[in-house]
Amino acid sequence: MKHKTIQTPDDLTLDEITQRFSTDAAARKYWEAIHWPKGPVCPHCSNKKPKLIYEIKANKAKRIRPGLRQCAKCGKQFTATMGTIFEQTHIPLRKWLVAWYLVCSSKKGISSLQIQRILDLGSYRTALFMTHRIRHALRDPVFNDKLRGTVECDETYVGGKTRGRGRHFMGNKTPVVALLERGGRVRSQVMPLVTGKNLKEALEQHISPKSTIMTDELPAYRKAAGRFAKHYVVNHSRREYVRGRAHTNGVEGNFSLLKRGVVGTFHHLSAKRLPLYLAEFDHRHNTRFLTDGERTIIGMKKSEGKRLFYRNPAK
Ligand SMILES: [Zn+2]
């Protein structure tokens with residue numbers, strides 16, 4: 001059978017998802033169009049010649065899944081979900097599409113409990129499994145380009161129960177460092193120890209040396225920011241927050257959104273899972289000028305080849 005692609009729109013609304021992709025077949029066609037924009041590609045041997053790929057007709061009695069393809073080059077079979085976060089999940093693709101949309105469009109994040117209710121999922125565990133896989137897909141594995149211009153760097157402490165012991169007291173909290181390009185992109189990461197050496201490594205990996213760096217007075221930044229064109233420091237402990245161009249208000253606003261999400265939406269966030277949530281928040285920030293639908297589609301395209309690196313999401 002010849003492969004037919006449906007047109008991939010650049011944008012989506014939740015209404016459209018529920019109308020157009022109300023059946024598993026329609027959702028699968030849509031995912032195929034996103035996953036294979038130029039037609040099917042065999043994940044086993046990378047063959048993409050249309051003449052050498054056949055669609056096998058679905059047959060319930062013979063346990064042939066819809067969307068199954070046969071590669072004439074290597075003789076193996078495959079589907080569009082193979083090698084993606086959707087593989088072997090037994091959750092209908094149409095529900096995945098809605099979950100993707102909800103995660104990408106909720107500004108402060110959406111709880112797995114709410115996803116469970118909206119999608120009528122059998123268990124909370126299933127909802128958590130889906131949202132963690134989606135977050136995992138949103139993580140950027142390799143950064144090929146560096147942040148430029150003016151970059152605000154700041155650290156914060158997320159989670160834990162210890163309060164009120166000063167700005168740099170850690171307790172059982174998890175340190176997060178974010179690098180925010182003013183007016184542009186953000187990259188957040190968990191940094192188990194916020195030291196000059198670790199900060200230096202992160203800054204040099206992610207920021208162009210020609211950039212201007214904005215930080216607070218934490219001494220570790222002095223070592224970390226040495227190689228950059230300029231380094232401005234605002235002294236928060238002396239209640240100095242803005243001095244001309246020098247401030248870290250952008251990155252702090254980003255942290256406050258993250259914390260509202262963490263406190264308000266994710267009540268039991270583990271330190272181990274924090275990088276996944278950071279990926280989710282970073283993705284929304286980095287696509288903030290786009291529509292919810294565009295943000296969802298870009299997110300889904302990031303799922304390529306992510307499954308293999310991810311195990312036991314619901315633990
Ligand atoms: Zn093949």
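**Entry 1: a salt bridge in helix 2**

I looked up E32 first and found that it forms a salt bridge with R28, with the closest N and O atoms 3.0 Å apart. I note here that the model is a predicted one. Where do E32 and R28 lie? Both are in helix 2, residues 24–35, and they are 4 residues apart, about one turn of the helix. I then checked whether the two are buried or exposed. E32 has a relative accessibility of 1%, so it counts as buried. R28 is buried too, because its relative accessible area is 16% and the cut-off for buried is under 20%. My general reminder for this page is that side chains of opposite charge can pair when their charged atoms come close.

**Entry 2: two further salt bridges**

How many salt bridges does the structure hold? I noted 15.

I picked the one between R187 and D145, where the closest N and O atoms are 3.4 Å apart. This pair links distant parts of the chain, with the two positions 42 residues apart in numbering. R187 sits in strand 6 (residues 186–190), while D145 sits in the loop between helix 5 (124–138) and strand 4 (150–158). R187 is buried, with a relative accessible area of 8%. D145 has 35% relative accessibility and therefore counts as partly exposed.

Next I looked at R295 and D292, whose side chains meet in a salt bridge at 2.8 Å, N to O. Both belong to helix 10 (residues 292–301) and are 3 residues apart, about one turn of the helix. R295 counts as buried at 7% relative accessibility, and D292 counts as partly exposed at 30%. I also wrote down a network: salt bridges that share partners join R28, K29, E32, E55 and R69.

**Entry 3: the zinc ion**

Which residues coordinate the zinc ion? I found C42, C45, C71 and C74, each through its SG atom, at 2.3 to 2.4 Å. In sequence these donor residues follow the spacing C-x2-C-x25-C-x2-C.

I wanted to know why the arrangement is called tetrahedral. The 4 donor atoms subtend angles of 105 to 113° around the zinc ion, which makes it so. For reference, the ideal angle at a metal with four tetrahedral donors is 109.5 degrees.

I compared two of the donors for accessibility. C71 is at 0% relative accessibility, so it counts as buried. C74 is partly exposed, with a relative accessible area of 31%.

**Entry 4: a sheet of three strands**

C71 came up again when I turned to the strands: in strand 2, it is the residue that I53 stands opposite. Strand 1 and strand 2 (residues 69–71) run antiparallel and are joined by 3 bridges. The open sheet has 3 strands in the order 1-2-3, with antiparallel pairing. Which strands stand at the edges? They are strand 1 (53–55) and strand 3 (77–78); each has a single partner strand, so one side of each is left without a neighbour in the sheet.

**Entry 5: strand 5**

I looked at how much of strand 5 (residues 174–181) is covered, and 8 of its 8 residues are buried. In general, the side chains of a regular strand alternate between the two faces of the sheet. On strand 5 both faces are covered. T174, V176, A178 and L180 are on one side, P175, V177, L179 and E181 are on the other, and all are buried.

I then listed the neighbours of strand 5. Strand 4 is joined to strand 5 by 8 bridges, and the two run antiparallel. V151 stands opposite E181 in strand 5. Strand 5 also pairs with strand 6 in the antiparallel sense, over 5 bridges. Here V177 stands opposite Q189 in strand 6. Strand 5 and strand 6 form a hairpin with 4 residues between them, and G183 in the turn has a positive phi of about 75°.

**Entry 6: H247**

My last look-up was H247, which lies in the loop between strand 8 (230–234) and helix 8 (249–264). H247 is buried, with a relative accessible area of 17%. What does H247 touch, not counting residues up to four places away in sequence? I listed E152, R182, M214, V234, Y241 and V242. I also noted that a polar atom of the H247 side chain lies 3.0 Å from the backbone nitrogen of N249.

Key. Residues are numbered from 1 along each chain as its sequence is written. This is a predicted model: local features need pLDDT of at least 70, side-chain atom pairs count only at pLDDT 80 or more; totals for chains, interfaces and linings use all residues. Side-chain values use heavy atoms; hydrogens and water are left out. Donors are N, O and S atoms within 2.8 Å of the metal (3.2 Å for Na, K and Ca); water is not among the atoms, so sites may look incomplete. Four donors count as tetrahedral if all angles lie between 85 and 135 degrees; four count as square planar and six as octahedral if opposite donors are over 155 degrees apart and all others between 65 and 115; anything else is irregular. Buried means under 20% relative accessible area, exposed over 50%, partly exposed in between (1.4 Å probe, protein chains only). A polar contact is a pair of N or O atoms within 3.5 Å; within protein, one must be able to donate a hydrogen and the other to accept it, and residues adjacent in sequence count only if both atoms are side-chain atoms. Contact means heavy atoms within 4.5 Å. Two strands pair if DSSP finds at least two bridges between them. A salt bridge is a side-chain nitrogen of Lys or Arg within 4 Å of a carboxyl oxygen of Asp or Glu.
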